[in-house]
Structures are given as C-alpha cells and as structure tokens.
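Visitor: I would like a close look at a single part of this structure, with the numbers attached. Please keep it connected, so that I can follow along on the screen.

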Amino acid sequence: MPEGRCNYASLKVPITKMPKAGKCRCAGSAPGLIVYMFDKSEVSINDSKGALKSYKDSDITSGNTIIRQFCSNCG
Ligand SMILES: [Zn+2]
C-alpha cells in the first residue's frame with residue numbers, strides 16, 4: 001500500500017484510495033506539483049513517535065481560528 005510521510009518518516013499517512021490523475025492535474029494546475037485531495041474520513045495519520053504537534057492560528061484573513069498540525073521533528 002502506498003503511503004505519504006514527512007521528511008524523517010515520523011508521520012506516515014497510508015494512502016488507501018488513489019485519486020484519479022485528471023482531478024489531481026486540475027487541483028494542482030502545474031506539471032511539477034503533486035496534490036492529492038481526500039475526504040477527511042479517508043485519512044489517518046500514523047504518529048508512532050509522538051511527533052505530531054498542533055497550534056491554533058488566528059492570523060488568517062477570514063478571521064477564524066484554525067488548528068494547524070506539523071511534525072515536530074521536521075519543523
Ligand atoms: Zn517529520
């Protein structure tokens with residue numbers, strides 16, 4: 001099964017369903033960019049090393065507060 005991962009493989013995301021290529025090209029709009037879009041219910045993050053961290057970001061143009069997540073090993 002293919003999987004995505006961060007630079008140090010602390011976070012891994014199994015890819016259980018490959019999107020159709022045509023939709024990826026439309027979403028990325030560039031020949032050198034790979035963007036996969038999944039429904040949130042189709043995504044799980046394996047964080048066996050406890051590297052996933054999150055913070056609240058309220059400095060966005062909509063004025064809303066969102067939760068951003070990142071790998072604390074990669075930065
Ligand atoms: Zn990482």
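Visitor: Which residues does S10 touch, not counting residues up to four places away in sequence?

Guide: Happy to take you there. This is a predicted model, in which local features need pLDDT of at least 70 and side-chain atom pairs count only at pLDDT 80 or more, while totals for chains, interfaces and linings use all residues. Residues are numbered from 1 along each chain as its sequence is written.

Leaving out residues up to four places away in sequence, S10 touches K49, A51, C71 and N73; two residues are in contact if their C-beta atoms, placed from the backbone, lie within 7 Å. For N73 there is also a C-alpha to C-alpha distance: S10 and N73 are 7.3 Å apart in space, although 63 residues separate them in sequence.

S10 itself sits in the loop between β1 (3-5) and β2 (12-14). Strands (E, at least two residues) and helices (H or I, at least four) are DSSP runs, numbered from the N terminus. S10 counts as partly exposed because 18 other C-beta atoms lie within 10 Å; the cut-offs are 20 or more such atoms for buried, 12 or fewer for exposed and partly exposed in between, with C-beta atoms placed from the backbone. A9 shares that loop between β1 and β2 and is also partly exposed, since it has 15 C-beta neighbours inside 10 Å. A backbone detail to check there: phi of A9 is near 60°, a positive value in a residue other than glycine.

One of the partners of S10 is C71, and strand β4 covers residues 66-71. From here the view moves along the strands. β4 runs antiparallel to β3, and six bridges join the two; strands pair if DSSP finds at least two bridges between them. Within this pairing, Y55 stands opposite R68, and K56 has I67 as its bridge partner.

K56, in strand β3, is exposed because 9 other C-beta atoms lie within 10 Å. Setting aside residues up to four places away in sequence, K56 touches T65 and I67. The C-alpha atoms of K56 and I66 are separated by 5.7 Å, with the two residues 10 apart along the chain.

Both strands have little cover. β3 (residues 52-57) has zero buried residues among its six, and β4 lies largely in the open because zero of its six residues are buried. For the protein chain of 75 residues, 1% count as buried.

Stepping back, the protein chain has one helix and four strands, in the order β-β-α-β-β from the N terminus. Among contacts between residues at least 6 apart in sequence, 33% join residues at least 24 apart.

A last word on confidence: pLDDT is the predictor's confidence in each residue, from 0 to 100. The protein chain has a mean pLDDT of 84, with 79% of its residues at 70 or more. Among its elements, β3 has the highest mean pLDDT (97) and helix α1 (residues 21-28) the lowest (54). Where pLDDT is low, the predicted coordinates should not be read in detail.
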